[in-house]
Amino acid sequence: MDPFEVRMQFLSLLRKLNATQQSIQKVVSYALKYFSRCGEDLWDCIVEECQKGSINHRINILYFLDSLCETSLLAKSHSQVDPSTSTASTTKSKGAFYVDFVARDLEQIVEYVVPQGRQGLPNLTSTKQILESWRSKRVIDPQKVDDVMTILDARQPSLDTSGSNPTDSSAPSTSSLSRNDIFKRIEEDRERHKRLRERRWVQPVSQLPTTGTTSLATFLPLTDAEELTLDIEFENEWDATSDWNEDDVEAALEECELAEGRRRKEPEILDDDEGGEEPMDLS
């Protein structure tokens with residue numbers, strides 16, 4: 001197909017996009033297949049559809065970009081491992097596939113998905129979840145994500161108060177959605193939230209070339225890629241760990257008593273003549 005046919009077919013797939021993984025993966029596969037020939041043109045199609053699509057369709061495009069970035073990073077790591085595709089020219093031309101485009105136009109994309117006013121309110125929470133995922137997994141530079149999150153956080157009070165004035169007709173209302181659109185949005189939100197829950201445990205793609213042999217433990221300094229992956233795993237575990245509290249103290253005491261082979265009870269004072277010792281004070 002010539003570039004024009006590729007573009008038109010991609011637009012057709014993009015306009016039929018919904019929240020199901022089958023639909024998303026179909027568009028992702030097409031975008032990666034023709035990246036080397038028409039990558040820039042296909043990205044322009046994505047931005048264009050995100051700008052003029054409905055508010056429900058825009059959030060579908062954002063979730064599509066999430067899968068597109070993940071698949072692009074996987075394809076990049078595989079191209080580095082495969083000797084037949086790991087030449088310098090190939091690596092330079094491919095880069096990180098569409099991840100570079102998303103990072104470059106991130107603020108513009110979020111502006112389209114979450115427009116100012118009450119119209120953007122339905123997409124606000126889902127957009128923040130996607131951005132948080134990109135930041136924690138280092139899909140995009142965390143500083144760029146923080147800048148966009150700051151803009152959304154500053155805009156949220158105005159979005160919340162815009163819905164409290166029923167006489168304000170300056171911004172389009174979500175009530176303009178038809179009944180079928182509302183029910184469709186509910187079903188698609190369920191599908192998207194299920195997908196997010198499934199992917200919360202997934203660790204970021206390692207950028208290290210993998211071999212069939214197992215590497216030995218070493219005290220040599222970590223490489224940048226190894227240190228990055230370890231930092232992400234540590235931060236995820238740290239965020240999921242609660243602060244030290246009374247429950248933790250009780251659990252520690254129970255573990256100590258089990259280790260000593262005792263049951264939890266009031267400490268008994270033994271006579272010194274019998275050679276007994278008082279329980280250790282753990283307070």
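A residue is taken as buried here when its relative accessible area is under 20%. By that criterion, 32% of the 283 residues of the protein chain are buried in this predicted model. The chain contains 12 helices and zero strands, and its pattern along the sequence accordingly reads α-α-α-α-α-α-α-α-α-α-α-α. Among contacts between residues at least 6 apart in sequence, 74% link residues at least 24 apart.

Confidence deserves a look before the details. The mean pLDDT of the protein chain is 75, with 63% of its residues at 70 or more. Helix H7 has the highest confidence, at 94, whereas helix H5 (residues 88-94) has the lowest, at a mean of 41. The pLDDT is below 50 over residues 85-94, a stretch that makes nine contacts in the model beyond near neighbours in sequence. Residues 205-227 also have a pLDDT below 50, and this stretch makes 15 contacts beyond near neighbours in sequence. Where pLDDT is low, the predicted coordinates should not be read in detail.

Helix H7 is a good place to begin a closer reading. Spanning residues 106-113, H7 has Leu-106, Ile-109, Val-110, Tyr-112 and Val-113 as buried residues. Viewed down the axis of H7, these buried residues fall within an arc of 160°, so they line one face of the helix. The general geometry of helices helps in reading this arrangement: an α-helix has 3.6 residues a turn, so residues three or four places apart point the same way.

Helix H7 packs with helix H3 (residues 35-52), the two axes lying 8 Å apart at an angle of about 30°. Angles under 35 degrees count as roughly parallel, and H3 and H7 are therefore roughly parallel to each other. From H3, the residues Trp-43, Val-47, Cys-50 and Gln-51 take part in this contact, and they meet Gln-108, Ile-109, Tyr-112 and Val-113 of H7. Sorted by class, the contact of H3 with H7 comprises six nonpolar and two polar residues, with no charged ones. Of the H7 residues in this contact, Ile-109, Tyr-112 and Val-113 also appear among the buried residues of the helix.

Helix H4 (residues 55-81) holds Phe-64, a residue that counts as buried because its relative accessibility is 0%. Leaving out residues up to four places away in sequence, Phe-64 touches Phe-10, Leu-14, Leu-17, Ile-24, Val-27, Val-28 and Ile-46. One of these partners, Ile-46, is 18 residues from Phe-64 in sequence, and the two C-alpha atoms are 9.9 Å apart. Ser-72 likewise belongs to helix H4. With a relative accessible area of 0%, Ser-72 is buried. Its contacts, again without residues up to four places away in sequence, are with Leu-32, Ala-96, Phe-97, Tyr-98 and Val-99.

Towards the start of the chain, Leu-13 sits in helix H1 (residues 3-15). Its relative accessible area is 17%, so Leu-13 is buried. Beyond neighbours within four places in sequence, Leu-13 is in contact with Lys-26, Val-27 and Tyr-30. Val-27 is thus a partner of Leu-13 and also of Phe-64. The C-alpha atoms of Leu-13 and Ile-24 are separated by 9.5 Å, the two residues being 11 apart along the chain.

A final point concerns backbone geometry. Arg-138 lies in the loop between helix H8 (121-136) and helix H9 (142-162). Although Arg-138 is not a glycine, its phi is positive, at about 60°. Its relative accessibility is 26%, so Arg-138 counts as partly exposed.

Definitions and conventions
Residues are numbered from 1 along each chain as its sequence is written. This is a predicted model: local features need pLDDT of at least 70, side-chain atom pairs count only at pLDDT 80 or more; totals for chains, interfaces and linings use all residues. Side-chain values use heavy atoms; hydrogens and water are left out. Buried means under 20% relative accessible area, exposed over 50%, partly exposed in between (1.4 Å probe, protein chains only). Helices (H or I, at least four residues) and strands (E, at least two) are DSSP runs, numbered from the N terminus. The arc is that of the directions from the helix axis to the C-beta atoms. Axes are lines fitted to C-alpha atoms, for helices over the stretch in contact, and angles run from 0 to 180 degrees between N-to-C directions. Angles under 35 degrees count as roughly parallel, over 145 as roughly antiparallel, 65 to 115 as roughly perpendicular and the rest as oblique. Contact means heavy atoms within 4.5 Å. Ala, Val, Leu, Ile, Met, Phe, Trp, Tyr, Cys and Pro count as nonpolar, Asp, Glu, Lys and Arg as charged, and the others, Gly among them, as polar. pLDDT is the predictor's confidence in each residue, from 0 to 100.
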